[in-house]
Amino acid sequence: MNQRTIILVVDDSPTTLQLCQGLLSDEFDVRLAKSGAMALTALSRMYPDVILLDIEMPDMSGFEVMERISRTPDLKGTPVIFLTSHATTDLVAKAAEYGAVDYVAKPFDTENLRTKIHNALNS
């Protein structure tokens, strides 16, 4: 039996978390974290195949979480796709500088999100 691909979704919006769970759970094992701190706790116990990470969160930004991930040897190669409500050129460039493999602007298109996840898994 093949193990399902694990996607960790980190977002402070319950709506976004529920939406991702509903849209992706037919294909992936979707795990949820509603803050950067919760994500880091979860990442100390599991190794997802892809992380969908909100940039703007109140307790810890997605960039701060990404910095911590990049300093953790077991997680360093995990593809991160940033989620953002503000896909400005500067923010997209900053996401790439932090090592994100891609970004998705909210509200997102389901097929576009799935394509970006598959691209991240196959890169």
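Me: Over how many bridges do strand 4 and strand 5 pair?
Reply: In this predicted model, local features need pLDDT of at least 70 and side-chain atom pairs count only at pLDDT 80 or more, whereas totals for chains, interfaces and linings use all residues. Residues are numbered from 1 along each chain as its sequence is written, and side-chain values use heavy atoms, with hydrogens and water left out. Strands (E, at least two residues) and helices (H or I, at least four) are DSSP runs numbered from the N terminus, and two strands pair if DSSP finds at least two bridges between them. For strand 4 and strand 5, the pairing is parallel and the count is 4 bridges.

Me: Which residue of strand 5 is the bridge partner of Thr84, and what handedness has the unit of strand 4, helix 4 and strand 5?
Reply: The partner of Thr84 in strand 5 is Ala105. A crossover is right-handed if, with the strands pointing away from the viewer, the path from the first strand over the helix to the second runs clockwise. By that criterion, the β-α-β unit made by strand 4, helix 4 and strand 5 is right-handed.

Me: Which strands stand at the edges of the sheet?
Reply: The open sheet has 5 strands in the order 2-1-3-4-5, with parallel pairing. Two of them have a single partner strand each, so one side of each is left without a neighbour in the sheet. These edge strands are strand 2 (29–33) and strand 5 (102–105).

Me: What angle does the direction of helix 2 make with that of strand 1?
Reply: Axes are lines fitted to C-alpha atoms, for helices over the stretch in contact, and angles run from 0 to 180 degrees between N-to-C directions. Helix 2 packs on the sheet and touches strand 1, strand 2 and strand 3, where contact means heavy atoms within 4.5 Å. Its direction makes with that of strand 1 an angle of about 155°.

Me: Is strand 3 largely enclosed or open?
Reply: Buried means under 20% relative accessible area, exposed over 50% and partly exposed in between (1.4 Å probe, protein chains only). Val50, Leu52 and Asp54 are buried on one side of strand 3, and Ile51 and Leu53 on the other. With 5 of its 5 residues buried, strand 3 is therefore largely enclosed.

Me: Which residue of strand 4 is the bridge partner of Leu53?
Reply: Strand 3 and strand 4 run parallel and are joined by 4 bridges. Between them the chain passes through helix 3, in a right-handed β-α-β crossover. Within this pairing, Leu53 has as its bridge partner Phe82.

Me: Why do the buried residues of helix 3 line one face, and what arc do they occupy?
Reply: The buried residues of helix 3 (62–70) are Gly62, Phe63, Val65, Met66 and Ile69. An α-helix has 3.6 residues a turn, so residues three or four places apart point the same way. The arc is that of the directions from the helix axis to the C-beta atoms. Seen down the axis of helix 3, its buried residues line one face because they fall within an arc of 155°.

Me: Which element gives the most residues to the largest nonpolar core?
Reply: A nonpolar core is a set of buried Ala, Val, Leu, Ile, Met, Phe, Trp, Tyr and Cys residues joined through side-chain atoms within 4.5 Å. The largest has 23 residues, and Leu8, Val65 and Phe82 are among those with the most contacts inside it. Strand 1, helix 2, strand 3, helix 3, strand 4 and helix 4 each supply at least two of its residues. The most, 4 residues, come from helix 3.

Me: What arc do the buried residues of helix 1 cover?
Reply: These residues are Thr16, Leu17, Cys20 and Leu24, and they pack against strand 1, strand 2, strand 3, strand 4 and helix 5. The face turned away from them carries the exposed residues Pro14, Thr15, Gln18 and Gly22. The buried residues lie on the same side of helix 1, because they cover an arc of only 100°.

Me: What is the relative accessibility of Thr16?
Reply: Thr16 is found in helix 1. Beyond its neighbours within four places in sequence, Thr16 contacts Asp11, Leu83, Lys106 and Phe108. Thr16 counts as buried, its relative accessibility being 9%.

Me: Is the peptide bond from Lys106 to Pro107 cis or trans?
Reply: Pro107 is found in the loop between strand 5 and helix 5. Most peptide bonds are trans. The bond from Lys106 to Pro107 has omega near -5° and is cis.
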